[in-house]
Amino acid sequence: MQFLDEVRIVVGAGTGGHGSVSFRREKFIPFGGPDGGDGGRGGDVYLVAHENLNTLIDFRFQRRYRAENGHGGAGRQMTGRAGKDLEIAVPIGTLIYDEDTRELLGDLREGQQRLLIAKGGRGGHGNLWYKTSVNRAPRQFEKGGIGEERNLRLELRLLADVGLLGLPNAGKSTFIRAVSAAKPKVASYPFTTLHPQLGVVRVGEHESFVLADIPGLIPGAAEGAGLGTRFLRHLRRTRLLLHLVDIAPLEESDPAENVTALATELAAYSSELASRPRWLIGNKADVLLPEEAEERFRAICQALAWDGPAFLVSAATGAGCKELAQAIWRALPELPPAPEPRSDVDWEEEDETAEEGNWGEEDWGDADWDDEDAEEE
């Protein structure tokens with residue numbers, strides 16, 4: 001399934017039904033008077049988090065949503081039927097922004113959590129409301145209220161406790177396969193991971209945490225090199241970052257310089273994310289003799305003046321992975337929670353060029369609304 005983690009949509013609540021102009025006409029009641037009923041309210045629009053969704057790909061093909069309009073009132077003081085509410089399913093972890101004001105409207109973190117995003121218009125009053133002692137046959141009525149309309153930006157951020165960082169081919173996908181049941185693609189060429197992956201790491205019968213893997217970063221990612229930093233947003237909910245480094249890269253680059261370069265890209269993207277607790281994980285210990293692997297990893301830590309937790313593992317053979325997972329589980333309760341999302345910090349400027357397959361402004365004419373209403377009827 002194609003992964004999509006950000007979309008822009010337009011939602012509109014239903015318009016309220018008009019009030020009715022009607023007069024009571026019954027045998028032996030010559031002066032029945034007005035009895036026009038009120039219109040029904042327009043339908044509201046809700047966003048609902050669903051556990052079985054993990055991408056926003058469905059919004060690529062439909063960008064405009066509208067709830068049902070309320071029905072008009074009728075004689076005999078009958079109120080029109082209210083419009084049906086519209087529920088739009090989104091993945092858990094979706095942030096909802098107002099595209100016009102950049103206000104953060106909600107953060108759906110739990111299954112079946114609902115967020116009212118657009119309120120339907122109120123139904124109009126019938127002519128019964130306008131009856132007075134001097135106006136006994138009113139022909140006034142009230143039109144239904146207009147439903148709210150919003151331009152929204154939906155942004156998906158994975159819910160994970162721990163995030164993986166590393167250059168392409170550092171072994172992140174192999175590591176997440178070794179410690180969890182996730183099965184991301186693994187190959188001998190870079191950028192085999194093209195979208196984020198989640199894995200549940202179980203360290204006991206009822207003890208587990210969630211690990212997130214994102215596509216590898218390369219120097220210059222903050223300027224758009226490689227896949228850029230577009231997937232780093234998925235690490236903003238994490239409380240701990242694991243920085244995987246290949247201790248014996250095939251291209252014979254300096255592992256310490258690779259760690260420094262990646263830390264620079266992380267700081268260029270977000271100073272808050274760069275200050276998150278970070279552990280250094282030396283991977284691919286199996287390609288060297290045990291003594292040589294430990295000596296090389298010790299040299300990397302000394303070159304970096306690394307004073308935080310550091311672990312040497314082999315994701316391919318699983319050596320050291322279990323001990324690392326248990327250490328993470330023991331450390332998580334002591335770590336501070338991830339900061340709450342804020343629109344003034346988390347809003348990211350993006351290229352205004354529409355993606356291929358996205359609809360442009362010219363596609364959002366009034367005719368589209370009319371067609372949708374006709375289909376609903």
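**Figure 1. The largest nonpolar core of this predicted model has 25 residues.** Six of its members touch the most other members: Val 162, Phe 175, Leu 211, Leu 242, Trp 279 and Ile 328. Who supplies the residues here? S9, H1, strand S11 (208-213), S12, S13 and helix H5 (321-331) each give two or more. H5 chips in with the largest share, 6 residues. Apart from this core lies another one, made of 23 residues, and Val 7, Val 45, Leu 47 and Leu 115 are among them. If you're wondering about the general idea, nonpolar side chains tend to be buried together in soluble globular proteins.

**Figure 2. Let's zoom in on Val 162 and its contacts.** Which residues does Val 162 touch, once we leave aside its neighbours within four places in sequence? One group runs from Phe 209 through Val 210 and Leu 211 to Ala 212. Val 162 is also in contact with Thr 238, Leu 240 and Leu 242, and then with Ile 328 and Leu 332. Two of these partners, Leu 211 and Leu 242, are listed with Val 162 among the core residues that touch the most other members.

**Figure 3. Helix H2 covers residues 255-269.** With 15 residues, H2 reaches 21 Å from its first C-alpha to its last, which is close to the 21 Å expected at 1.5 Å a residue. Take a look at the N-terminal end of H2, where Asp 254 acts as a cap. A side-chain oxygen of Asp 254 lies 3.1 Å from the backbone nitrogen of Ala 256. Ala 256 is also one of the buried residues of H2, along with Pro 255, Asn 258, Val 259, Leu 262, Glu 265, Leu 266 and Tyr 269. What covers them? The cover includes strands S9 (162-165), S12 (240-246) and S13 (278-283), plus helices H3 (271-274) and H4 (290-304).

**Figure 4. Three strands line up as an open sheet in the order S4-S2-S7.** The pairing in this sheet is mixed. Strand S4 (86-91) and strand S7 (114-118) are the edge strands, and each pairs on one side only. On average, neighbouring strands here are turned by 30° against each other, direction ignored. Strand S2 (residues 45-50) and S4 run parallel, joined by 6 bridges. You can spot Val 45 standing opposite Leu 86 in S4. As a reminder, strands of a sheet pair through backbone hydrogen bonds, either parallel or antiparallel.

**Figure 5. Here are two arginines, Arg 157 and Arg 177, each in its own setting.** Is Arg 157 buried or exposed? Arg 157 counts as buried because its relative accessibility is 2%, and the cut-off for buried is under 20%. This residue sits in the loop between strand S8 (149-156) and S9. The side chain of Arg 157 makes a polar contact of 2.6 Å with the side chain of Glu 155. Arg 177, on the other hand, lies in helix H1 (residues 172-179). Its relative accessibility is 33%, so Arg 177 counts as partly exposed. Not counting residues up to four places away in sequence, Arg 177 touches Ala 182, Lys 183, Pro 184 and Val 186. Between Arg 177 and Gly 318 there are 9.6 Å in space, C-alpha to C-alpha, although they are 141 residues apart in sequence.

**Figure 6. Finally, step back to the whole protein.** Its secondary structure comes to 7 helices and 14 strands. Buried residues make up 46% of the 377 residues. Of the contacts with a separation of 6 or more, 75% come from residues 24 or more positions apart.

Terms used:
Residues numbered from 1 in each chain as written. Predicted model: local features only at pLDDT ≥ 70, side-chain atom pairs only at ≥ 80, totals over all residues. Heavy atoms only, no water. Helix = DSSP H or I, 4+ residues; strand = E, 2+ residues; numbered from the N terminus. Expected span 1.5 Å × (residues − 1). Buried < 20%, exposed > 50% of the residue type's maximum accessible area, 1.4 Å probe, protein only. Contact = heavy atoms within 4.5 Å. Polar contact = N/O pair within 3.5 Å; in protein donor to acceptor, adjacent residues only side chain to side chain. Pairing = 2+ DSSP bridges. Axes fitted to C-alpha atoms, helices over the stretch in contact; angles between N-to-C directions. Core = buried A, V, L, I, M, F, W, Y, C linked by side-chain atoms within 4.5 Å.
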